[in-house]
Amino acid sequence: MYEEKNFSELENKIKYTFKNKTYLQLALTHSSFCNENRKRGFNESNERSEFLGDSVLSLITAEYLFHHFPNVDEGILTRNRAAVVCEDALAAFANELDLGDYMLFGKGEAVSTGGRHRKSTLSDAFEAVIAAIYLDGGMEEAKKFVLPFITEMLETVIKTGSEDYKSRLQRIVQQTPEEVLTYNWVGEEGPPHDRTFEYEVYLNSNLLGKGKGRSKREAEQAAAREALILLGELDETAP
C-alpha cells in the first residue's frame, strides 16, 4: 500500500490536503502497477483521471487567457493555450513536484523502461493530479493548484512567441532523429523558500548550455536559451 508519509510530502508540495486521499493515490497509479497487483485490489489506473484532468486544465487555461488578454484574437489564444498545456510543459510541471518519485509503477516499468522519467507518463500524472484535486475540492482548489504553473509559463510564451526555449531547442534537435537531448540537475542552493536551481543541457554527451533559475523549469529554460545561442539559433541580446 502507498505510504501515508509520501502523501503528506506531496500534499505539502502541491499546497493542498486531500479529504479523500484515494483520489491522490489513484492519480499516482500507473497501469503497469495495476497489471501486477490486481489480486491486491488495484484495479484502476490514473488513465480516467488523466482524461478528466486534461479537460479541467484546458478550461482553467482558456478562462485565464480569455480574461487576461481581452484584445488578443482566437488564433493567438489557441496557440498560447497549446504551448502551455503541451506534453513538454506538463512534464516540466510534474518535475517541479518530483511527481515521478511518488508514482506507483510495476517493477518492469519503473526499472527497465525508466517510466518515472518518461515525459508522457509525467504529463499524464500531472493532469491526473489536477483531476484528483478537482474531485476532492472543486474547481476553485484546482485553479489554485494550476494557475501558478500556467501563469509562469505564459510569461515565457508571450516573451518568446508561441515556443519557449526548450520547445524550440527540442524542435531543432528532432530534425536529426539519432540526436538525444537531456537536461541534468547540477545543484541547488538557498533556503527552502528562496531556492536557486542549476541545470545543464546536453546533446548526446556534449554540453550545450547551463542555466540557473528560481524553479527547475526556469533553470532548464535558461540552459536551453544558452544552447540556442551556442547553436546560432538565438541572438545573445534576445530576451
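Author: Before two helices can be compared, each needs an axis, and here an axis is a line fitted to C-alpha atoms, for helices over the stretch in contact, with angles running from 0 to 180 degrees between N-to-C directions. The model before us is predicted, and with that in mind we can read its helix pairs.

Reader: At what angle do the axes of helix H4 and helix H8 cross?

Author: The axes of helix H4, which covers residues 47–68, and helix H8, which covers residues 119–137, cross at roughly 80° and come within 7 Å. Angles of 65 to 115 degrees count as roughly perpendicular, and H4 and H8 are therefore roughly perpendicular to each other. On the H4 side the contact is made by Ser 49, Glu 50, Leu 52, Gly 53, Asp 54, Val 56 and Leu 57, while H8 brings Asp 124, Glu 127, Ala 128, Ile 130, Ala 131, Tyr 134 and Leu 135. Sorted by class, the residues of this contact between H4 and H8 are 8 nonpolar, 2 polar and 4 charged.

Reader: How far apart are the axes of H6 and H8, and at what angle do H6 and H8 pack?

Author: The axes of H6 and H8 lie 8 Å apart, and the two helices pack at an angle of about 75°, which makes H6 roughly perpendicular to H8. Where they meet, H6 offers Glu 87, Asp 88, Leu 90, Ala 91, Phe 93, Ala 94 and Asn 95, and H8 offers Lys 119, Ser 120, Leu 122, Ser 123, Phe 126 and Glu 127. The residues of the contact of H6 with H8 divide into 6 nonpolar, 3 polar and 4 charged.

Reader: I would like to place these helices in the whole protein, so to speak; how many helices and strands does the protein have?

Author: The protein has 11 helices and 3 strands, and along the sequence they follow the pattern α-α-α-α-α-α-α-α-α-α-β-β-β-α. Of its 239 residues, 44% are buried. Among the contacts with a separation of 6 or more, 52% join residues 24 or more positions apart.

Reader: How does one look for empty space in a structure, and how many cavities of 30 Å³ or more does the search find?

Author: The general idea is that rolling a probe the size of a water molecule over the atoms shows where empty space is left. Here the search of the whole structure finds 1 cavity of 30 Å³ or more, and about 40 Å³ of space lies in it. Its lining consists of Cys 86, Asp 88, Ala 89, Ala 92, Met 153, Asp 164, Lys 166, Ser 167, Arg 217 and Gln 221. Helices H6 (87–96), H10 (165–173) and H11 (216–230) each supply at least two of the lining residues, with the largest share, 3 residues, coming from H6. By class, the cavity lining holds 4 nonpolar, 2 polar and 4 charged residues.

Reader: A pocket, I understand, is open; what is the volume of the largest pocket, and which residues lie nearest its centre?

Author: The largest pocket has a volume of about 720 Å³, and among its 24 lining residues Lys 13, Lys 15, Glu 96, Phe 149 and Ser 215 lie nearest its centre. The elements giving two or more residues to this lining are H1, helix H9 (139–160) and H11, and H9 gives the largest share, 6 residues. The lining of the largest pocket comprises 8 nonpolar, 2 polar and 14 charged residues.

Reader: Which element gives the most to the lining of the second largest pocket?

Author: That element is H6, with 4 residues. The second largest pocket holds about 520 Å³ of space, and it is lined by 21 residues, of which Asn 95, His 117, Leu 122, Tyr 183 and Glu 220 lie nearest its centre. Two or more lining residues come from each of H6, H8, H10, strand S1 (181–189) and H11. This lining has 8 nonpolar, 5 polar and 8 charged residues.

Reader: You named Lys 15 beside the largest pocket; what is the value of its phi?

Author: Most residues other than glycine have a negative phi. Phi of Lys 15, however, is near 60°, a positive value in a residue other than glycine. Lys 15 sits in the loop between helix H1 (4–14) and helix H2 (22–27), and with a relative accessible area of 73% Lys 15 is exposed.

Reader: Where is Asn 204 placed?

Author: Asn 204 belongs to the loop between strand S2 (196–203) and strand S3 (206–213), and its phi is also positive, near 60°. At 38% relative accessibility, Asn 204 counts as partly exposed.

How values were computed. Residues numbered from 1 in each chain as written. Predicted model: local features only at pLDDT ≥ 70, side-chain atom pairs only at ≥ 80, totals over all residues. Heavy atoms only, no water. 1 Å grid on protein atoms, 1.4 Å probe; cavity = no way out; pocket = protein on both sides within 12 Å on 5 of 7 lines; lining within 4 Å. Points joined across faces, edges and corners; volume = space filled by probe spheres on them. Nonpolar A, V, L, I, M, F, W, Y, C, P; charged D, E, K, R; others polar. Parallel < 35°, antiparallel > 145°, perpendicular 65-115°, else oblique. Contact = heavy atoms within 4.5 Å. Buried < 20%, exposed > 50% of the residue type's maximum accessible area, 1.4 Å probe, protein only.
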